[in-house]
Amino acid sequence: MVRHVSMILALAVALAGCTVPEPQLGADGRPLPQVYKIRPADQAKIQFRMLDAVNALRGAAGAVPVQMNAQLTAAAATHSRDMSVQNRPWHFGSDGSSPIDRVRRAGYPGTMLGEAISESYETELETLGGWMDEQGTREVILDSRARAMGFSWFQETNGKIWWTLILGD
């Protein structure tokens, strides 16, 4: 009996040290973002997870699926890195280039239909959710003329991610 009680007491002491940490809160009382660290081995999974999610949304809206396009993805990657250099999410490059300029430079033969950008610590699917909450980016993602998609990002060492999604016909 003493042995049984001592085992229970030891287990209780061990479990007392196992506490779930409270989330850190920002000045607004909301939980601070967790860093979503992208490993090089995850790049293809992330791109195709985004492609699948975009196509699911497009399908629900009655639009045809899009295909991943290397030239649009190259333009998206270039812009994601450039937004980090500029430290601001906006559609113009540090050299004054527009999204159309970047798509042409990347060799895309079609028409660029739209671009969605973001600066966040969120996952690609959380970012897509944010884009779908905004009318302008939702219209880009669901554009019925789109047949091609480019998607990329740049992650800073502090974890901040600069996302770019481009759609073309």
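Read along the sequence, the protein chain follows the pattern α-α-β-α-α-β-α-α-β-β, which comprises six helices and four strands, and I should say at once that what we are looking at is a predicted model. Of the 169 residues in the protein chain, 40% are buried, and the accessible surface comes to about 10100 Å², with 58% of that area belonging to carbon and sulfur atoms. If we take the contacts with a separation of 6 or more, 66% of them are between residues 24 or more positions apart.

Let me turn to the sheet. The four strands form an open sheet in the order E1-E3-E4-E2, and the pairing is mixed. E1 and strand E2, residues 112-120, stand at the edges with a single partner strand each, so one side of each is left without a neighbour in the sheet. Going through the pairings, E1, residues 67-68, runs parallel to E3 and is joined to it by two bridges, and here Met 68 has Met 149 of E3 as its bridge partner. E3 and E4 run antiparallel, with eight bridges between them, and in that pairing Met 149 is matched with Leu 167 of E4, while the bridge partner of Trp 153 is Trp 163. These two strands form a hairpin with five residues between them, and Gly 159 in the turn has a positive phi of about 100°. On the other side of the order we have E2 and E4, which also run antiparallel and are joined by eight bridges; there Met 112 is the partner of Gly 168, and Ile 117 is the partner of Thr 164.

Now, how many residues of E3 are buried? In E3, which covers residues 148-155, eight of the eight residues are buried. As a reminder, in a regular strand the side chains alternate between the two faces of the sheet. In E3, Ala 148, Gly 150, Ser 152 and Phe 154 point one way, whereas Met 149, Phe 151, Trp 153 and Gln 155 point the other way, and all are buried. For E4 the count is again eight of eight residues buried, so this strand is largely enclosed by the rest of the structure. Both of its faces are covered, with Ile 161, Trp 163, Leu 165 and Leu 167 buried on one side and Trp 162, Thr 164, Ile 166 and Gly 168 buried on the other.

What, then, packs on the strands? Helix H2, residues 43-60, lies across E1, E3 and E4 and runs at about 135° to E3. Helix H5, residues 124-133, packs on the sheet as well, where it touches E2, E3 and E4, and its direction makes about 120° with that of E2.

H2 deserves a little more time. With 18 residues at 1.5 Å a residue, H2 should span 26 Å, and its end C-alpha atoms are 26 Å apart, which agrees. The buried residues of H2 are Ile 46, Gln 47, Met 50, Leu 51, Ala 53, Val 54, Asn 55 and Arg 58, and what covers them includes E1, helix H3, residues 70-86, H5, helix H6, residues 135-141, and also E3 and E4. After H2 comes Gly 62, which has a positive phi, near 85°.

That brings me to the interior. In soluble globular proteins, nonpolar side chains tend to be buried together. In this model the largest nonpolar core has 23 residues, and those with the most contacts inside it are Trp 131, Met 149, Phe 151, Trp 163 and Leu 165. H2, E2, H5, H6, E3 and E4 each supply at least two residues of this core, and the largest share, five residues, comes from H2.

Which residues does Trp 131 touch, if we leave out those up to four places away in sequence? The list for Trp 131 runs through Met 50, Ala 116, Ile 117, Ser 118, Thr 137, Arg 138, Ile 141, Phe 151, Trp 163 and Leu 165. Finally, there is a second, separate core of eight residues, among them Ala 75, Ala 76, Val 103 and Tyr 108.

Note on methods:
Residues are numbered from 1 along each chain as its sequence is written. This is a predicted model: local features need pLDDT of at least 70, side-chain atom pairs count only at pLDDT 80 or more; totals for chains, interfaces and linings use all residues. Side-chain values use heavy atoms; hydrogens and water are left out. Buried means under 20% relative accessible area, exposed over 50%, partly exposed in between (1.4 Å probe, protein chains only). Two strands pair if DSSP finds at least two bridges between them. Contact means heavy atoms within 4.5 Å. Accessible areas come from the Shrake-Rupley method with a 1.4 Å probe; for residues, only the protein chains shown count as cover. Axes are lines fitted to C-alpha atoms, for helices over the stretch in contact, and angles run from 0 to 180 degrees between N-to-C directions. The expected span of a helix is 1.5 Å times one less than its number of residues. A nonpolar core is a set of buried Ala, Val, Leu, Ile, Met, Phe, Trp, Tyr and Cys residues joined through side-chain atoms within 4.5 Å.
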